[in-house]
Amino acid sequence: MVSPLLTSIFPGDSAMARTMRDWDWAATPLGPPETWPDGLKIPLRMLLTSRFEMWLGWGPDLHFFYNDAYVPTLGVKHPSMLGKPFREVWAEVYAEVADQVAHVRAGEATWNKALLLLLERSGYPEETYHSFSYSPLYGDSGAVEGLLCVVSEETERVIGERRIEMLRQLGMALVGTADLGGVEDAVCSILGANRRDFPFALVYLHGNGIACTPDARPLLERPWPQETETGQELRLDDRLSWPTGDWQRPPDEAIALPIPGAPGRPAIGSLVLGLNPHRRDDTAIVDIARLIAGQISGAMANVDARQSERRRAERIWSLARDLMVVADSGGIFRVVNPAWTRILGHPVENVIGRHFNDFVLADDHAASTAAYAQAAQAGDLTNFVNRLVTNQGGFRWISWHTSTEGDVVYAYGRDITEEKASADALATAEEALRHAQKMEAVGQLTGGIAHDFNNLLTGIIVSLEVVQRRIAQGRYDELATFAEAATGSANRAAALTQRLLAFSRRQPLAPKPLDADALIASMEMLIQRTVGETIEVACHTTPGLWPTKCDPNQLESSILNLVINARDAMPSGGRITVDARNISAAGRAGAAGSYIAISVADTGHGMSAETVSRAFDPFFTTKPIGQGTGLGLSMVYGFAQQSGGFVEIDSTEGKGTTVRICLPRCRDSAGPSASDAAPSVGRSAKSQIVLVVEDEPAVRAVVTETLREVGYETIEAVDGASGLRCLQSPQHIDLLLTDVGLPGGLNGRQLADAARTFRPDLKVLFMTGYVHDVDSGGVALEPGMEIITKPFTSDRLAAQVEAFIGI
């Protein structure tokens, strides 16, 4: 039974721990382990419990201790070298590390990275590589009494990387070789540089043999196997002289193997390689040799292919239907192919030596000169088109491609004359088709507008005729009913106009920062009353919702339009969900950016893909006649586009529809979520003077009458010129109320700009039904300018004037 003391000195259950516990240490200069100093026992415990390769030497002769991980490095010397002096364990390499041992005895640690050591651990000097450190071990007296070595064998890594690098360099050297001599030079330059794996190399190709190093040339006179199909290992006669390569001893073996030909064809040569005398039984070297032979075979196949390609290129050059040319940097043709004669009628000898512009149509000289300058500076051309003149005085369209090497431009040109004619004919046909489609769309739009406006005008005209007859008859009963009917039809006509403007993105908007959640919450009761009790309404809020900027009234109208559509899609009841959330539009229908998506979702019958594709078309509706104008979604689409956003529809037949209005995120703080309420109109007398400029007599009359009724003084002008004369007079004027579209060459915006040059504080209220008339060239309204949209009521006009200029 092993004593506890020995177990503490040689801890663990490893093979080396058990061996050391059983070793007769008393017979060695170190004596019994019980007498060993802590300076030896402590690192010995660490060594035996470590999985890293380690050994240590102790005493003047550095008696050898090692762990299980180090056993493969010792090879056949294990276990006989346990406890032996270091110089005896590694007698074959001790001279190479003796100076490092001396440094350790002086208290200095050393380090080696992948050091080559020819170790006799397998019965012969073997090529090995080790990274290791020597560290001093101190005895109880404080003096250096031992050495600790932590080692990592890297033999396979170093040799593997060397061989991979050789194969990589060989592959690079063989790239682009054009003939047999180039292949031989490339192979010998690489094999001649790796003389550790191959002390000598001979290459036989197509009956020609070469030696890769001068000292191997005599070997070409010896007979070597040439007919082997798979390779043959050869024992070298040790009585003869062989090249040693990077070693001091000659190789014991060589390998001869074939260089394969094309599949199904015989070998094209053979390779004879002397083998490393310090790597016996190295089966991997045979695979490396086969890879080398394969690379040589591939290079020779490429040489054959290039030669075949060169012959084929010569045939292509002669028979090609495209123009081919080689020109210098100045644009002078040096070589051209016979296609110049076939396509353009010019004899080849009349083209060579002339400038390219001699054959270019005069109108294309400038563009061709610029393009050739680009090509000559290595900016290769692709599909550059110009016209070349024919020998008969006509021209052909040519599409050019170029490639530049040094100061030489290679180009080929394809005759696209017939393609060009076909493309022009197709473009003409497509333009005619687009025109026909546009006229069809205009016809559909015009027909829809005419239908709806005729209905509304009928209501207005008939109602007013009844009023006129009743007045003429002295019957004043029910006049209010017919007046209200006319007013209702007129208001619906105004709404139709606003929807058309919204669809075409021409409606006047009053955008402001908006909290969409607040707007949706304020509409919940209105939405529920609109859809009725058979439909459940859910309005959700979103914490952290970004503000947006738009016209609150138009957004409210758009949401109501979508809600009404959702209601009509659920005649038997269902659920409508309204919410808003933050989205990123990257890869969606709109431009990339941050948006607020306001969604109206229903559980109705849904839409087909064809219906979704036409949903935004004006006057397109799936509702029965009389139940929809087909402008609701068009208005929503136009409003979103005019506000800088977009609209998306997701719909599945039988499952429902979701429509999202996506509006850009506003970085400003959100303001009120709805339009400011119009102030009540007082009827007290006012002293303000309003200049009314309107070319339509009826409109001018009702506007001035409305303003006079509420106490304003008015001055009338029928066009921009007369209005400007009024403004140039000394007359006091508080407000310019002008139509935008005025006759006579001076519109309302120009009138306002001219007036402000001498009345800089003049307030201006524009009347318009078309917002783009106001800001000529996209110039925004200046401070002190506002818009009132036609048609408007007298109360609205009076309220806006009063809010603008005050009492």
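## His 206 and its backbone

In this predicted model, His 206 has a relative accessibility of 51% and counts as exposed, because the exposed class begins over 50%. His 206 sits in the loop between strand 6 (201-205) and strand 7 (208-211).

The phi angle of His 206 is near 50 degrees, a positive value in a residue other than glycine. Most residues other than glycine have a negative phi.

## A positive phi within a strand

Ala 114 also has a phi near 50 degrees, again a positive value in a residue that is not glycine. Whereas His 206 belongs to a loop, Ala 114 is part of strand 3, which covers residues 110-119.

## Cis peptide bonds before proline

Most peptide bonds are trans. The bond from His 78 to Pro 79 is cis, and its omega is near 0 degrees. Pro 79 is found in the loop between helix 4 (71-74) and helix 5 (86-89).

Another cis peptide bond joins Lys 790 and Pro 791, with omega about -5 degrees. The place of Pro 791 is the loop between strand 27 (785-789) and helix 22 (794-805).

## A positive surface patch

Four residues, Arg 306, Arg 310, Arg 311 and Arg 315, form a positive patch on the surface. Among them, Arg 315 lies in helix 9, residues 284-319.

Arg 315 has a relative accessible area of 46% and is partly exposed. This value is enough for the patch, because patch residues need over 30% relative accessible area. Arg 315 does not count as exposed, because that class requires over 50%.

Technical notes
Residues numbered from 1 in each chain as written. Predicted model: local features only at pLDDT ≥ 70, side-chain atom pairs only at ≥ 80, totals over all residues. Heavy atoms only, no water. Patch = residues over 30% accessible without salt bridge, like charges linked within 9 Å, V, L, I, M, F, W, Y side chains within 5 Å. Areas by Shrake-Rupley, 256 points an atom, 1.4 Å probe, with all protein chains shown as cover. Salt bridge = Lys/Arg side-chain N within 4 Å of Asp/Glu carboxyl O. Lys, Arg positive; Asp, Glu negative; His and termini not counted. Charge placed at Lys NZ, Arg CZ, Asp CG, Glu CD. Helix = DSSP H or I, 4+ residues; strand = E, 2+ residues; numbered from the N terminus. Buried < 20%, exposed > 50% of the residue type's maximum accessible area, 1.4 Å probe, protein only.
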